[in-house]
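Trainee: I've got a new model open and I'd like to learn how to read it. Could you walk me through it, feature by feature?

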Amino acid sequence: MLVIGGCRIVTPGELIEYGWLRVRGEQIAETGIGAFEGDLDVDLAGHTIVPGFVDQHCHGGGRNSFITTDPGEAFRAAQLHLAHGTTSIMASLVTGTFDDLANQIRTLVPLVDQDVIFGIHLEGPWISGKFHGAHDPALVRPPTRREVGELLAIGDGRIAMVTLAPELPGAIAAIKQIVRADAVAAVGHTDASYDETRRAIDAGARVGTHVMNAMRAMRHRDPGPVVALLEDPRVTIEAICDGHHVHPAVLRLMFAEAGSGRIAMVTDAMAAAGAEDGSYQLGDLRVEVIDGVARIFGTDTIAGSTLTLDAAVRFMVLVGKVSLQAAIRSVSTTPAEAMGLEDRGSIEVGKRADLAVLGPDLRVRSVMVRGEWVESFDV
Ligand SMILES: [Zn+2]
C-alpha cells in the first residue's frame, strides 16, 4: 500500500488541484481531494500526477527500432518511451516482404506476452502506392485473404491493429477479416474517397492513422478520408502533434471537431526519438534526421517523427491551446479505449496504477508501472 499526492491529479472527471491517491498492489485503490489524513508515502508537492501514456503508433526510439528481429532492440525502444511517461506502447511495423514481416512479428510476439509492448501494428503493406509516405513503394500491395490470414495467424492474437487503404481491391473484405481476428482496422496511407472511407468504417474500421498525413487531402467538393474519419463518432483520430507533421491551426481544428475523447495523440516515432540527429534506417529506407525532423534521404518526405508523448502534451498545451486535461486524455484514456485496454488509461479506482509524475514544466519526473516506480530506465 502506497499513498502519494499533495499535488495536482488529472482524473477523467476533473482536474484535482490538490489531492492524493492510494495504490494497492498493481491498482489504484482510492483517490481523494484535499489533504490526506495521515502521512503521505511520497509527497509530490508542485507536481502533477497523470495516467501513464498509451502510444498506439510507434516505430522506435533511442536509436532502436521495433522493425527488427532482435528482441533486445525492441525492448530498448520501449524503454526510451517509458522514460518519457509511455507505460503502454504499440510496436508498429512498416511495409515489407511477407518473410520480413513474418520474422518481425515472430520477434515481437513474446514481448507482448512479457508486457513490454501491448500489441503489434501492421502499418503496411496493404496501403496506397500514391500515399506510401516512408514505406517502400515497390512493396505496397492490395490485401489478399491469404496474406492477411497468414500474418494474423503468425501474430496469434498479438496483432492489435492493421492500417490499410480502403480503395484497394479486397480491402473491405480484409477489414472484416481483421475485425473478426479481434484486431483494430485503421484507415490510412490512402487515396480513398469520402464514400470509400465511409464503407470502410461501416465494415468495421475504427481508427484513422495519422489523420491528415499520408492521405488524400480535403477539398471543398472532395472531402476524402479526412472528413469521413473526423465526422464519424465511431472513429478514433490519430494525430502527430509535433508541429512538423500538421500545422498547429489544423490540429486545433481537429480537436475542435473530434474532441479529446476521439483524438489519440501518437508519436509515429522512429529510432531517432530521444536520440541525436544523423542517419537512421526505417525498415529498408535510409532516413536523415536534421533538427529533429526525419526525412527519407534526399527527399522532402517526412519519415516518422522524433516525438515522445510528453513532448506532444507540452506542444498541445503551449501551442495547440488545448487544456492540460484534454491533452492528457488524448495520450492516455482515448488511445486505451481505442485499443480495448480497459484495465488502464485513467486515474480511477480499479485501474492499473500506471502513472507519470510531471514537473511544473510538464517534463516527466518519475513513472510508475503496475504500482511499482520504474527505478532505472536503462536507455
Ligand atoms: Zn507510422
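Mentor: Sure. Let's begin with burial: a residue counts as buried when its relative accessible area is under 20%, and as exposed when that value is over 50%. Keep in mind that this is a predicted model.

Trainee: Okay, which residues of helix α7 are buried?

Mentor: In α7, residues 248–258, they are Pro248, Leu251, Met254, Phe255 and Ala258. These residues cover an arc of only 110° around the axis, which puts them on the same side of α7.

Trainee: And what covers the buried residues of α7?

Mentor: The cover includes the helices α6 (224–231), α8 (309–318) and α9, along with strands β14 and β15. Just after α7 comes Gly259, with a positive phi near 75°.

Trainee: Let me try α3 (145–155) next. Which of its residues are buried?

Mentor: You'll find Glu147, Val148, Leu151, Leu152 and Gly155 there. They cover an arc of only 125° around the axis, so they sit on the same side of α3. That side packs against α2 (98–113), β10, β11 (159–164) and α4 (171–180).

Trainee: What does the face turned away from the buried side of α3 carry?

Mentor: Exposed residues: Arg145, Arg146 and Ala153. And α3 is followed by Asp156, whose phi is positive, near 50°.

Trainee: A glutamate on the buried side caught my eye. What is the salt-bridge partner of Glu147?

Mentor: The partner is Arg141, with the closest N and O atoms 2.7 Å apart. Glu147 counts as buried because its relative accessibility is 11%, below the 20% cut-off.

Trainee: How many salt bridges does the structure hold?

Mentor: There are 21. To read one, look for a side-chain nitrogen of Lys or Arg within 4 Å of a carboxyl oxygen of Asp or Glu. Take Arg22 and Glu30, whose closest N and O atoms are 2.8 Å apart. Arg22 is buried, at 17% relative accessible area, while Glu30 is partly exposed at 33%.

Trainee: Lys130 and Asp191 form one too. Which parts does that pair tie together?

Mentor: Lys130 lies in the loop between β10 (119–122) and α3, and Asp191 in the loop between β12 (184–187) and α5, so the pair ties together parts that are 61 residues apart in sequence. The closest N and O atoms of Lys130 and Asp191 are 3.7 Å apart. Lys130 is exposed, at 59% relative accessibility. Salt bridges can also link up into a network, as with Glu26, Asp115, Arg352, Asp354 and Arg370.

Trainee: Now a single side chain. Where is Thr197, and is it buried or exposed?

Mentor: Thr197 is in helix α5, residues 194–202, and it is buried, with a relative accessible area of 0%. For a polar side chain, check what its polar atom faces: in Thr197 that atom lies 2.8 Å from the backbone oxygen of Ser193. Leaving aside residues up to four places away in sequence, Thr197 touches Val187, Ala192, Gly224, Pro225, Ala228 and Leu229.

Trainee: On to sheets. What is the strand order in the open sheet of eight strands?

Mentor: Follow the pairing from one strand to the next: β6-β9-β10-β11-β12-β13-β14-β15, with parallel pairing. β6 (53–55) and β15 (263–266) stand at the edges with a single partner strand each, so one side of each has no neighbour in the sheet. Helix α9 (residues 324–331) lies across β6 and β15, at about 75° to β15.

Trainee: How many bridges join β13 to β14?

Mentor: Two, between β13 (residues 207–208) and β14 (residues 236–240). Val207 stands opposite Thr236 in β14.

Trainee: And where would I look for antiparallel strands?

Mentor: Look at β19 (residues 355–358) and β20 (residues 364–369), which are joined by four bridges and run antiparallel. Ala356 has Val367 as its bridge partner in β20. Their hairpin has five residues between the strands, and Leu362 takes a positive phi near 65°.

Trainee: Which strand is joined to β20 by two bridges?

Mentor: That's β21 (residues 372–373), again an antiparallel pair. Val369 stands opposite Glu372 in β21. This hairpin has two residues between the strands, with Arg370 at a positive phi near 50°.

Methods:
Residues numbered from 1 in each chain as written. Predicted model: local features only at pLDDT ≥ 70, side-chain atom pairs only at ≥ 80, totals over all residues. Heavy atoms only, no water. Buried < 20%, exposed > 50% of the residue type's maximum accessible area, 1.4 Å probe, protein only. Polar contact = N/O pair within 3.5 Å; in protein donor to acceptor, adjacent residues only side chain to side chain. Contact = heavy atoms within 4.5 Å. Pairing = 2+ DSSP bridges. Axes fitted to C-alpha atoms, helices over the stretch in contact; angles between N-to-C directions. Arc of directions from axis to C-beta.
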